[in-house]
Amino acid sequence: MRIDVITIFPEYLEPLDVSLVGKAREKGILDVRLHQLRDWTHDVHHTVDDTPYGGGPGMVMKPEPWASALDTVAPPGATVPGTDGAPAEGPCLIVPTPSGRPFTQAVAVELAARPWLVFAPARYEGIDRRVIDDAATRMPVHELSIGDYVLAGGEVAVLVMVEAIARLLPGVLGNVESARDDSFAAGRMEKLLEGPVYTKPARWRDREVPEVLLSGHHGKIARWRRDEALRRTAAHRPDLVAAFRPEELDRRDREV
Ligand SMILES: COc1cc(COC(=O)c2cn[nH]c2)cc(-c2cccnc2)c1
C-alpha cells in the first residue's frame, strides 16, 4: 500500500517511522511518502491560508497550493498496482475533519483494501471546499472524523487512521497479535467492547485472576468473556448493546 500525506507539519508524522508502521515500511508492506504543502507555494512567505469569505473567525487553507500538491502527488490518471493481482488503481483522498463520516473499524477495513491512499490533513478552519469538489471529479474522496472534538489540525487524525488501517494489512501484525479478536472486528460478537484481560502473576497485590480463566475449561472461559464484554459494553456503550438482539446472544450461547 502506498500512503501519501500532504501537510505543513511533516514532523507531526514522524511516529510513522517507528513501531508497527515503521516495521511495515521496512518490510515494504507500506510505502509512506510525506510532502510539505508549502513546497507548492510561490510567495516569499509560503502562504497557505487566507481569511474566510463571508467573515468569521480563523483562516481557511487556500485552494491553489493544495491543488498543485495533489496534481503532483496524484497526477490525473496515475495508478499503482492493485493488491493480489487486482487491477491497477488510482488514489483515494482522505480528509480528516470534525464534520466527516465517522472513521470506524469497518471504514478501516474498507480502506485497507485500497492500494493507494492520499491524506490531506487540514489546519486552521479547514480547506477551501473547491479543493475537495475538484479532487472528487477524478478520485474517491472520504471526509472522515475520528471523533466528536476539534483538533488544531488533521495530522493526529492521520496517525490514528494510518495505524488502524496498517494493522489490518497482511504481514503487519505478527500472528501473536492477531487483529482477528479486536472488539470491533466483525464476527467476534460483532461490536461489543473487549472484556478485562489478565496475565501472570496469578496473584498480585492481593488481587486474584478470575478462577474461570485458570480452569482450562474453554467453554466456560468463552462464556465468561462474553458476559464480561456485554457487561462492559452496557456500562460504557449502551448504544452498542441496544443494537444487539437477544436471540443473537442465545445463538452464540448455543455455539459454546
Ligand atoms: C479546526 O477545524 C478543523 C480541524 C480539522 C482537523 O481535524 C479534526 O479536528 C478532526 C478530525 N476528526 N475529528 C476531529 C479539520 C478541519 C477541516 C478540514 C477540511 C475541511 N473542513 C474542515 C477543520
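1. A good place to start is the ligand: one of its oxygen atoms is 3.3 Å from a polar backbone atom of Tyr124. Please keep in mind throughout that this is a predicted model.

2. Two further backbone contacts deserve a look in your viewer. At Gly147, a polar backbone atom is 3.1 Å from a nitrogen atom of the ligand. At Leu151, a backbone N or O atom lies 2.8 Å from a ligand oxygen. As for cover, the ligand taken alone exposes 510 Å², and the protein buries 92% of that area.

3. Which residues come nearest to the ligand? They are Tyr124, Ile146, Gly147, Tyr149 and Leu151, out of 17 residues around it. Tyr124, Gly147 and Leu151 will thus be familiar from the points above, whereas Ile146 and Tyr149 join the picture here as two more of the nearest residues.

4. On the make-up of the shell, ten of its residues are nonpolar, six are polar and one is charged. Strand 5, which spans residues 92-102, supplies the largest share of the shell, with four residues. If you run a pocket search, the space that the ligand takes is the second largest pocket.

5. Now for the overall layout. The domain assignment splits the protein into domain 1, residues 2-166, and domain 2, residues 180-256. Between the C-alpha centres of domain 1 and domain 2 the distance is 36 Å.

6. Two backbone details are worth a friendly flag, and the background is simple: most residues other than glycine have a negative phi, and most peptide bonds are trans.

7. Where is the cis peptide bond? It runs from Lys200 to Pro201, and its omega is near 10°. Pro201 belongs to the loop between helix 5 (155-166) and strand 8 (203-204).

8. The other detail concerns His46, which is not a glycine and yet has a positive phi of about 50°. This residue, His46, is also found in a loop, the one that lies between strand 2 (31-36) and strand 3 (49-50).

Methods: Residues are numbered from 1 along each chain as its sequence is written. This is a predicted model: local features need pLDDT of at least 70, side-chain atom pairs count only at pLDDT 80 or more; totals for chains, interfaces and linings use all residues. Side-chain values use heavy atoms; hydrogens and water are left out. A residue is near a molecule or strand if one of its heavy atoms lies within 4 Å of it. A polar contact is a pair of N or O atoms within 3.5 Å; within protein, one must be able to donate a hydrogen and the other to accept it, and residues adjacent in sequence count only if both atoms are side-chain atoms. Accessible areas come from the Shrake-Rupley method with a 1.4 Å probe; for residues, only the protein chains shown count as cover. On a 1 Å grid over the protein atoms alone, a cavity is a set of points where a 1.4 Å probe fits but cannot get out, and a pocket is an open set with protein on both sides within 12 Å along at least five of seven lines; lining residues have an atom within 4 Å of a point. A molecule sits in a cavity or pocket if more than half of its atoms lie within 2 Å of its grid points. Helices (H or I, at least four residues) and strands (E, at least two) are DSSP runs, numbered from the N terminus. Ala, Val, Leu, Ile, Met, Phe, Trp, Tyr, Cys and Pro count as nonpolar, Asp, Glu, Lys and Arg as charged, and the others, Gly among them, as polar. Domain bounds come from an automatic or database domain assignment.
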